[in-house]
Amino acid sequence: MGYYDNRTLVTGGAGFLGSHLCERLVKRGADVLCLDNLFTGSKRNVSALLGDPRFELMRHDVTFPLYVEVDRIYNLACPASPIHYQRDPVQTTKTSVHGAINMLGLAKRVKARILQASTSEVYGDPEVHPQVESYWGRVNPVGTRSCYDEGKRCAETLFFDYQRQNDLDIKVVRIFNTYGPRMHPDDGRVVSNFVVQALRGQDLTIYGDGSQTRSFCYVDDLIDGMMRMMDSDKGFYGPVNLGNPGEFTMLELAEKVLRIVGSKSRIVHRPLPPDDPRQRQPDITLAKNKLGWEPKVGLDDGLKETVAYFRSIL
Ligand SMILES: NC(=O)c1ccc[n+]([C@@H]2O[C@H](COP(=O)([O-])OP(=O)(O)OC[C@H]3O[C@@H](n4cnc5c(N)ncnc54)[C@H](O)[C@@H]3O)[C@@H](O)[C@H]2O)c1
């Protein structure tokens with residue numbers, strides 16, 4: 001039995017990243033159990049897989065215990081955009097913390113390898129640029145983003161304590177801004193906002209003056225990195241950054257989107273939301289060295305795919 005024959009649980013599997021991961025895993029021959037409470041995910045995201053005998057969709061909330069036999073667990077369940085995770089902040093923290101406890105408990109019982117989808121948000125509003133894994137971060141514990149940031153930080157703590165206390169086979173990746181087909185059209189994220197606004201002929205809203213930068217990783221690259229981490233040698237726990245170090249200002253992004261869509265929309269400015277980091281960029285040296293991974297898809301190519309997707313659903 002090869003590693004790709006393993007029974008793999010993907011929590012949050014009907015979401016944006018989860019659905020791409022499920023697809024890739026099924027394609028390489030894994031039996032995939034996709035678990036999701038469909039809070040931000042949808043059956044439509046995995047509709048192409050529903051008839052596949054290797055794929056199973058289970059509606060379940062990770063804040064409740066789960067008993068299944070699996071070899072590998074990718075723990076992605078958690079709403080990822082501020083609009084969604086701030087809707088019910090207490091539930092967001094529960095999803096990260098209770099979800100991690102439940103999935104780690106499951107991994108311990110069935111001796112599964114388990115990977116946590118953590119986030120660049122653990123670095124908060126960073127004083128170190130670009131961010132390296134050894135940087136501890138600067139996170140506000142009592143702000144409106146804290147339910148997500150602190151929940152994810154606590155989940156990382158739980159992963160490493162389960163490893164130290166129970167010798168669990170853990171993997172932690174810190175995901176930076178990722179975009180691509182199946183992003184939510186209304187999640188308030190900059191790429192989906194711009195693309196949807198441009199396609200609808202509306203003004204493109206930039207928060208602040210537009211000089212703040214972000215890096216954007218195309219979903220296929222990200223999933224490739226995540227799977228490489230899952231397949232990496234036992235004993236390499238991470239955390240490891242996964243993201244695209246290419247940096248773009250919000251203004252540059254808006255202009256690219258307008259060009260690709262062929263839109264005549266205008267760019268308008270709005271005040272910055274609280275706790276919005278000015279700059280965020282991954283240092284991916286560790287991923288390059290340990291996983292032989294780096295992103296391959298440029299922003300223009302990735303945006304073209306993303307625009308095509310949004311055109312098809314709007
Ligand atoms: N997309 C990014 O740029 C990005 C960046 C950093 C980290 N991440 C992490 O990657 C993971 C996936 O993010 P995404 O962008 O695909 O977001 P998403 O919202 O599309 O996916 C999250 C999925 O988890 C499900 N979910 C939420 N709460 C749940 C619960 N209590 N029980 C079961 N399922 C639940 C949702 O229904 C959804 O399908 C998240 O953990 C997120 O924090 C994503």
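## Close-up views of a ligand site, two cysteines and a loop glycine

**View 1. The shell around the ligand mixes residue types.** The residues of this shell divide into 14 nonpolar, 13 polar and 4 charged. Please keep in mind, as you look through these views, that the model is predicted. In total, 31 residues surround the ligand, and those that come nearest are Leu 17, Asp 36, Thr 40, Tyr 148 and Lys 152.

**View 2. Three polar contacts to the ligand are picked out here, from Gly 41, Asp 61 and His 184.** Gly 41 takes part through its backbone, with an N or O atom lying 2.9 Å from a ligand oxygen. Asp 61 uses its side chain instead: a polar atom there lies 2.9 Å from a nitrogen atom of the ligand. For His 184, an N or O atom in the side chain is 2.9 Å from an oxygen atom of the ligand. How much of the ligand's area does the protein bury? Taken alone, the ligand exposes 810 Å², and the protein buries 98% of that.

**View 3. Helices and a strand contribute to the ligand shell.** The elements that give two or more residues to the shell are helix 1 (16–27), helix 3 (89–110), strand 5 (113–119) and helix 4 (146–166). Which element provides the largest share? That is strand 5, with 3 residues.

**View 4. Cys 78 is in no disulfide.** A search of the whole structure finds 0 disulfides. For Cys 78, the nearest cysteine sulfur belongs to Cys 147 and is 8.3 Å away, while a disulfide calls for two sulfur atoms within 2.5 Å. Cys 78 is buried, because its relative accessible area is 16%, and buried means under 20%.

**View 5. Cys 154 has a sulfur too far from any other cysteine sulfur for a bond.** The closest one sits in Cys 78, 12 Å away, so the pair is too far apart to bond. Is Cys 154 buried, exposed or partly exposed? Cys 154 is partly exposed, because its relative accessible area is 30%, which falls between the 20% limit for buried and the 50% limit for exposed.

**View 6. Gly 235 lies in a loop.** The loop runs between helix 6 (219–231) and strand 11 (240–242). At 40% relative accessibility, Gly 235 counts as partly exposed. Gln 163 is also worth finding in this view: Gly 235 and Gln 163 are 72 residues apart along the chain, and their C-alpha atoms are separated by 9.7 Å.

Notes: Residues are numbered from 1 along each chain as its sequence is written. This is a predicted model: local features need pLDDT of at least 70, side-chain atom pairs count only at pLDDT 80 or more; totals for chains, interfaces and linings use all residues. Side-chain values use heavy atoms; hydrogens and water are left out. Buried means under 20% relative accessible area, exposed over 50%, partly exposed in between (1.4 Å probe, protein chains only). A residue is near a molecule or strand if one of its heavy atoms lies within 4 Å of it. A polar contact is a pair of N or O atoms within 3.5 Å; within protein, one must be able to donate a hydrogen and the other to accept it, and residues adjacent in sequence count only if both atoms are side-chain atoms. Accessible areas come from the Shrake-Rupley method with a 1.4 Å probe; for residues, only the protein chains shown count as cover. Helices (H or I, at least four residues) and strands (E, at least two) are DSSP runs, numbered from the N terminus. Ala, Val, Leu, Ile, Met, Phe, Trp, Tyr, Cys and Pro count as nonpolar, Asp, Glu, Lys and Arg as charged, and the others, Gly among them, as polar.
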